[in-house]
Amino acid sequence: MRGDETDSESVKSDDGSVRRSLEALCQELNMDEETAAEALQNFSSIWNTYTLEGDVVHWLACSLYAACRKSSIPTVGRGVMEGNGVSLTRILRSAKLSLIQFFSKMKKWSDMSNLSQDFRSRVGRLERNFEVSTVIFRKFEPIFLDMFQNPQGEPPRLSRSRKHRRLPCHISDVFKFCWTLFVYTKGNFRMIGDDLVNSYHLLLCCLDLVFCNALMCSNRKDLINQYFRGLPKDTENLEEMPCVIDKLCELHDGLVVEAKDIKEQYFKPYIKTLFEKRTLTELLDTPNFQDNNKAINREYEEYVLTVGDFDERVFLGADADEEIGTPRKATAEPPSGQLSARMQVENNLQQHFEKMHSLAPSTPLTGRRYLKEKEVLVTPVSSATQSVSRLQSMVSGLRNSPSDAMVQIFNSCSRNPTESILNRVKTMGERFKQAYTKPTDDLPGAHMDFSENRLKLAEILYFKILENIMTQEMKRIQGKDMAVLLEQEVLHCSLLACCLEVVLFAYSSQRTFPWILEIFQIPPFYFYKVIEVFIRSEEGLSRDMVKHLNSIEEQVLESKAWTKDSALWTALSNSNNKVPTVEEGN
């Protein structure tokens, strides 16, 4: 087995050179002897079993990272710290291994070393976090330049001694401070980082805070872009802190209600605690900015060492392209501005996302007749927020209970199903909230507020789709008692699960299919049968939502329906093993 099939140069080293390479790496990282010895032992075992291709130091870095994460360090006042205090970012920098290369090699190293599922899940979360952060950073720069002055016209920095008075911060400093504040805050709210939409709205909150502080600071209005369309009319006579969240959402694909919810319930209380602890003072005031910047970077560095692993400030560095793994292509003209040099890095990352398919729906082979004309979705963020906006418009004005028309249908049945339907919805809702908020090896637990919000949207959609289905059936078979159909528990369970899946997909949740089936223990075969009915009954579904449901159909058809415990075999047995024809299936 080859450790890396993409590289052409095979590793041909003796034990001595491998040990020297590891010692040099560990010395640079100030690594403890126990971790270094374990890394060398593991590497030697794999090296003697497999043919490792590429730079030996890159594979040593993988072995070293795995060994580091097995250890723990006692700390003062904080119990035991996982890992040994050496971050992934430092390991990769010393080994000159890019993030994208690391994720590729680490998957192979995990297979060859037979590493635990917990460790694999950790690396998977790390990669997902990297992808989400990259998508958000691609939005961050143009929004920042819309709100603040372009640093291209900034005067050069003046050298100063320690005795000289502090100088006002540069715009490029504010840019870095704003991003660091975002990644630090996001790290402290893992339940917010569950989906792309929440993380993006948290970024808008950080931008709003820094921008409005610049407005309120008498001597820092020079940072502001005077052509920003969200600028208050009278900036000279502001008596209280303004808010530009509404305008940011309007201009940059945000959802006002959800962004303000993040700001009021999470961001503002957290920022308040940072001010109370004196971690932050007046943000952009000349005497205080350097202290604020140092404090937030110091706090974030501690977070990276104890929890985060991946230092998301890597996007700000001059060597971001090499560290991430997307070498910049040569250009005829030099880049203009201190920030625009990173644009190439961000654009090159698109190739990685296309390979991963983790933030965009895959193209299915089935169900094409349901796809609408392709909509213009510029970025993964705008795609996600548009999906949520479309979902909210689908349920606008409706309630998460049966409508008057639905109640009439229930009353017309020979056996009124209202009580059993409402009880089932309540039971499934409680199970969903419990599973959604419970942390697992793969995912952090989400906040109860988010679970209740997602559930409410799904319940409204469920009753809407159920009413549409019953209305169509009553037109198709006039005068027939609907009690038998409404008493089919598998129909209701599959339909509500399908609604929850659509909601989770709209929010780009990490809880991806078949998670929803697993928590309700719904056989994929029955879930498959409700998808086409669902799509036919709801015309408001976006193109991406339909593609997502079609891709689930494919997964079921290709594998999940054919497992030994599949409900398909029971269905075939009940039909005397007679396989239905295509006409009968439709």
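Student: How many aromatic pairs does a search of the whole structure find?

Tutor: The search finds 35 aromatic pairs. The structure is a predicted model.

Student: Why is the pair of F137 and F140 called tilted?

Tutor: The ring centres of F137 and F140 are 6.0 Å apart, and a pair requires centres within 6.5 Å. Their planes stand at 50°. Stacked rings have planes under 30 degrees apart and edge-to-face rings over 60, so the rest count as tilted. The pair of F137 and F140 is therefore tilted.

Student: Where do F137 and F140 lie with respect to one another in helix α6?

Tutor: Helix α6 covers residues 117-147. F137 and F140 are three residues apart in this helix, and therefore about one helical turn separates them.

Student: What makes F137 and F140 count as buried or exposed?

Tutor: Buried means under 20% relative accessible area. F137 has a relative accessible area of 1% and is buried. F140, at 0% relative accessibility, also counts as buried.

Student: Why is the aromatic pair of F140 and W179 called tilted?

Tutor: The distance between the centres of F140 and W179 is 5.4 Å, with 35° between the planes. An angle that is neither under 30 degrees nor over 60 counts as tilted, and the pair of F140 and W179 is classed accordingly.

Student: What parts does the pair of F140 and W179 tie together?

Tutor: F140 lies in helix α6 and W179 in helix α7 (residues 171-187), so the pair ties together parts 39 residues apart in sequence. W179 has 0% relative accessibility and counts as buried.

Student: Turning to E501, which residue is the nearest side chain of opposite charge, and how do you know that E501 has no salt bridge?

Tutor: The nearest side chain of opposite charge is R511, 11 Å away. A salt bridge requires a side-chain nitrogen of Lys or Arg within 4 Å of a carboxyl oxygen. E501 therefore has no salt bridge, although E501 is buried.

Student: What makes the approach of E501 to H548 a polar contact?

Tutor: The side chains of E501 and H548 make this contact at 2.7 Å, and the cut-off is 3.5 Å. E501 lies in helix α20, residues 489-506. Not counting residues up to four places away in sequence, E501 touches F513, I516, H548 and I552.

Student: The residue after F513 is P514; is the peptide bond from F513 to P514 cis or trans, and how do you know?

Tutor: The bond is cis, with omega near 15°. P514 is placed in the loop between α20 and α21 (515-520). Most peptide bonds are trans.

Student: What makes the phi of N30 and of K96 notable?

Tutor: Most residues other than glycine have a negative phi. N30 is not a glycine, yet its phi is positive, near 55°. K96 is likewise not a glycine and has a positive phi of about 55°. N30 is in the loop between α1 (15-29) and α2 (33-47), and K96 is in the loop between α4 (88-95) and α5 (99-113).

Student: Why are N30 and K96 called exposed?

Tutor: Exposed means over 50% relative accessible area. N30 stands at 69% and therefore counts as exposed; K96 is exposed with 70%.

Student: What share of the residues of the protein counts as buried, and how many helices and strands are there?

Tutor: Of the 586 residues, 51% count as buried. The protein has 25 helices and two strands.

Terms used: Residues numbered from 1 in each chain as written. Predicted model: local features only at pLDDT ≥ 70, side-chain atom pairs only at ≥ 80, totals over all residues. Heavy atoms only, no water. Helix = DSSP H or I, 4+ residues; strand = E, 2+ residues; numbered from the N terminus. Buried < 20%, exposed > 50% of the residue type's maximum accessible area, 1.4 Å probe, protein only. Lys, Arg positive; Asp, Glu negative; His and termini not counted. Polar contact = N/O pair within 3.5 Å; in protein donor to acceptor, adjacent residues only side chain to side chain. Contact = heavy atoms within 4.5 Å.
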